Amino acid sequence: MIYDLHSHSSASDGALEPDALLLHAAESGVDALAITDHDTLAAFGRIDSPFPVPRLIPGIELSTTWRNIGVHIVGLNVDPASEILRRGVRKQQQSRSERAHIIARRLCSKGLPNMLDAVLQIADGEPACRPHFAEYLVSSGIAKDTKAAFRKYLGAGKPGDVRHCWASLPEVVSWIVQSGGTAVLAHPAKYRLTKTKLRDLASDFRGAGGTAIEVVCGQQSPNTTTHLAQLSRDLDLAASCGSDFHSSDNCWSRPGGFPPLPNDVRPVWTTWQTHSK
Ligand code: MN
Ligand code: MN
Ligand code: MN
């Protein structure tokens, strides 16, 4: 059985419609796929899949902060109809849209035109964020390219550098757990923390009710896998694995495209009594 427990559809920043993503996963040899879009459950209302394979595991990837660092928590086997989770998702979307308003206001106060409406149009129903602002700045000739847009207006220390106000780590974990799901600390290696800090994060996550950690996420070095497997054993967290697939733009990125979990960890699916539809 190949489980890919982290992927994105066009309901967030993935390239493929949910059905097309499932088909692509099937063609890539995946037996069970979790769709885990950023702060949205919209994919599950769009799926009309006639394929029995791969088995679909409803999921989500929630944004939060820990000691001022942006951290992602994946929820697996969640109930997309859960009222608690849906309320949480609305709260996340609200903080994204508030941030877009603040960015627009701050750029305006620096003498730029009010670009909020144009940016919302570019975002096309997705929560507007800095790349959408960059696209506007470039298309309207204010910045010569994306790099310049970030350097002058959106990057660190510039007016568009507005901090997100995500729900707290315990809060997002509790939404997942209360919707019947398993909370997973996503791509731990991507935060570039020291080993000590990563252990602190993982144990705070565990203290909040988290029960699993991504030991394998996409292509990663054997050293990283060994370190994360150790962490999962030490903290008694189940092990998850996923591609974090967004699109086929990179030839190395495909559903199921990651090394297998080591033998000495407890795979997260063995902790589930029943699998999802
Ligand atoms: Mn993404
Ligand atoms: Mn992520
Ligand atoms: Mn992701």
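**Figure 1. Asp236 in the loop between α9 and β7.** In this predicted model, Asp236 is located in the loop that runs between α9 and β7. The residue is not a glycine, yet its phi is positive, at about 55°. With a relative accessible area of 48%, Asp236 is partly exposed, because the exposed class begins over 50%.

**Figure 2. Asp244 in the segment after β7.** Asp244 is placed in the segment that follows β7. Its phi is near 55°, a positive value in a residue other than glycine. Asp244 counts as buried, its relative accessibility being 11%. Through an OD atom, Asp244 is also one of the protein donors of the manganese ion (ligand 3).

**Figure 3. Coordination of the manganese ion (ligand 3).** The protein donors of this ion are His6 (NE2), His8 (NE2), Glu61 (OE) and Asp244 (OD). They lie 2.1 to 2.3 Å from the manganese ion (ligand 3). Along the sequence, the donor residues of the manganese ion (ligand 3) are spaced H-x1-H-x52-E-x182-D. His6 and His8 are both buried. The manganese ion (ligand 3) is separated from the manganese ion (ligand 1) by 4.8 Å.

**Figure 4. Coordination of the manganese ion (ligand 1).** Asp13 (OD), His38 (NE2) and His246 (NE2) coordinate this ion at 2.1 to 2.2 Å. The spacing of the donors of the manganese ion (ligand 1) along the chain is D-x24-H-x207-H. The pair His38 and His246 links distant parts of the chain, 208 residues apart. Of these two, His38 belongs to the loop between β2 (32–35) and α2 (43–46), and His246 to the segment after β7 (238–242). His38 is buried, with a relative accessible area of 16%, whereas His246 is partly exposed, with a relative accessible area of 23%. These values fall on opposite sides of the cut-off, because buried means under 20% relative accessible area.

**Figure 5. Coordination of the manganese ion (ligand 2).** Glu61 (OE), His72 (ND1) and His187 (NE2) are the protein donors of this ion, and they lie 2.1 to 2.2 Å from it. The donors of the manganese ion (ligand 2) follow the chain spacing E-x10-H-x114-H. The distance between the manganese ion (ligand 2) and the manganese ion (ligand 1) is 5.7 Å. Glu61 lies in strand β3 (residues 55–66) and His72 in strand β4 (residues 69–76), so the pair ties together parts that are 11 residues apart in sequence. Glu61 counts as buried at 1% relative accessibility, while His72, with a relative accessible area of 22%, is partly exposed. Glu61 (OE) is listed among the donors of the manganese ion (ligand 3) as well.

**Figure 6. Surroundings of Ser12.** Ser12 lies in the loop between β1 (3–4) and α1 (18–27). Its relative accessible area is 10%, and Ser12 is therefore buried. Leaving aside residues up to four places away in sequence, Ser12 touches Asp37, His38, Thr40 and Glu126. Among these, His38 coordinates the manganese ion (ligand 1) through NE2. From C-alpha to C-alpha, Ser12 and Arg266 are 30 Å apart in space, with their positions 254 residues apart in sequence.

**Figure 7. Crossing of helices α8 and α9.** The axes of helix α8 (residues 195–207) and helix α9 (residues 222–234) come within 11 Å and cross at roughly 40°. This angle makes α8 oblique to α9. The crossing in which α8 passes α9 is right-handed. Lys195, Leu198, Arg199 and Ala202 of α8 make the contact with His227, Leu228, Leu231 and Asp234 of α9. By class, the residues of this contact comprise 4 nonpolar, 1 polar and 3 charged.

**Figure 8. Crossing of helices α4 and α5.** Helix α4 (residues 116–123) and helix α5 (residues 130–139) have axes that come within 9 Å and cross at roughly 115°. The two helices are therefore roughly perpendicular to each other. Their crossing is right-handed. On the α4 side, Ala118, Val119, Ile122 and Ala123 meet His132, Phe133, Glu135 and Tyr136 of α5. The contact of α4 with α5 has 6 nonpolar, 1 polar and 1 charged residues.

Technical notes: Residues are numbered from 1 along each chain as its sequence is written. Chains are lettered from A and ligands numbered from 1 in the order in which they are written. This is a predicted model: local features need pLDDT of at least 70, side-chain atom pairs count only at pLDDT 80 or more; totals for chains, interfaces and linings use all residues. Side-chain values use heavy atoms; hydrogens and water are left out. Axes are lines fitted to C-alpha atoms, for helices over the stretch in contact, and angles run from 0 to 180 degrees between N-to-C directions. Helices (H or I, at least four residues) and strands (E, at least two) are DSSP runs, numbered from the N terminus. Angles under 35 degrees count as roughly parallel, over 145 as roughly antiparallel, 65 to 115 as roughly perpendicular and the rest as oblique. A crossing is left-handed if the near helix is turned anticlockwise from the far one by less than a right angle, and right-handed if clockwise. Contact means heavy atoms within 4.5 Å. Ala, Val, Leu, Ile, Met, Phe, Trp, Tyr, Cys and Pro count as nonpolar, Asp, Glu, Lys and Arg as charged, and the others, Gly among them, as polar. Donors are N, O and S atoms within 2.8 Å of the metal (3.2 Å for Na, K and Ca); water is not among the atoms, so sites may look incomplete. Buried means under 20% relative accessible area, exposed over 50%, partly exposed in between (1.4 Å probe, protein chains only).
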